[in-house]
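Colleague: I'm new to this one and would like a close look at a single part of it. Could you walk me through that part and whatever surrounds it?

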Amino acid sequence: MFATFKMLFMYLTLGSLAGVIGIPYSIVVGDISLLYRVAMWIANAGVRAAGIRVEIEGLENVPAGRPCIFMCNHVSNLDPPVLLPLLPGRSSVLLKKELMSIPILGRAMKMGNFVPVERGGRRDAAQASVEAAKDALRAGLNILVYPEGTRSPDGRLSTFKKGPFFLAQQTGAPVVPIALSGTQNMMHKGSVAIVPGVARIQVLPVVEPSLYANREETLRAVRLAIARALPDDMKPEDYLAISETALDKG
């Protein structure tokens, strides 16, 4: 639990200070860029304080000059602070609507054009999230989304929601698949205890939605790319089936 306390201390002290000073400053100057950079530094500092070492490869696969959609598997609450500070440029995030109500943090996320997603399958709410994400892309921001919709209960890649791929097909934004491993052993679902370790991030080659007939095909291509890059114990249960399907189509 000591690692958890160290991370929380960093986030509560530095995060609160950054919010109290940075939010009014950003409102006055009309630009959140500085606050975003400070927030990413704090997020990374908290990860390091908790004894988490991050190894990342493949950043050269991120397309230059084009807002893109990062799609990553999701296995732990540690995933966002581990991954987000290392992504180039400024990213919006599709996240649970409830997180927007957190004092200070919620306000900062709204200012940063983070996109709230309402669970429950309401069509109008889903469409509103897609439109907000489109606005973020048009503003030149990247989007980070966890297409599984929630954390995997056992670390294995699970099924993907279709919404993010509807966004990809409508906007034509390049999709950058990301395979993340290690965090599932550092903070288990339902626990707040952090075990120090190594998180490994693989940024994979771009998937261009324009090269696929529909969102289902784009979804399969992204899911297969992430599945291939994950360790064997994190591959989905249907990995052999989706691999064979891809070979048949190839």
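Which residues of H5 are buried?

Modeller: Happy to, and keep in mind that this is a predicted model. The chain averages a pLDDT of 91, and 96% of the residues score at least 70. That score isn't even along the chain, though: among its elements, strand E6 (residues 175-181) has the highest mean pLDDT, 98, and helix H8 (residues 239-249) the lowest, 75. Where pLDDT is low, the predicted coordinates shouldn't be read in detail.

Now to your helix. H5 covers residues 123-138, which is 16 residues. From the first C-alpha to the last it reaches 23 Å, close to the 22 Å expected at 1.5 Å a residue. Its buried residues are Ala125, Ser129, Val130, Ala133, Lys134, Ala136 and Leu137. Yes, there's a lysine in that list: Lys134 is buried too.

What do they pack against? Four strands and a helix: E2 (69-72), E3 (91-96), E4 (115-117), E5 (142-145) and helix H6 (163-171). After H5 comes Gly140, with a positive phi near 95°.

Let's take E5 from that list of neighbours. Both of its faces are covered, with Asn142 and Leu144 buried on one side and Ile143 and Val145 buried on the other. That back-and-forth fits a simple pattern: in a regular strand the side chains alternate between the two faces of the sheet.

E5 also has strand partners. With E3 it pairs in the parallel sense over three bridges, and there Ser91 has Asn142 as its bridge partner. E5 runs parallel to E2 as well, again joined by three bridges, and here Phe70 stands opposite Leu144. So Asn142 and Leu144, the two on one side of E5, each turn up in a bridge, Asn142 with Ser91 and Leu144 with Phe70.

From E2 you can step on to E6, since those two pair in the parallel sense over four bridges. Met71 has Pro177 of E6 as its bridge partner. E6 is mostly covered, with seven of its seven residues buried. Val175, Pro177, Ala179 and Ser181 point one way, while Val176, Ile178 and Leu180 point the other.

One more step takes you to strand E7 (residues 197-203), which four bridges join to E6. This time the two strands run antiparallel, and Leu180 is matched with Ile201 in E7.

Note on methods:
Residues numbered from 1 in each chain as written. Predicted model: local features only at pLDDT ≥ 70, side-chain atom pairs only at ≥ 80, totals over all residues. Heavy atoms only, no water. Expected span 1.5 Å × (residues − 1). Buried < 20%, exposed > 50% of the residue type's maximum accessible area, 1.4 Å probe, protein only. Contact = heavy atoms within 4.5 Å. Pairing = 2+ DSSP bridges. pLDDT = per-residue confidence, 0-100.
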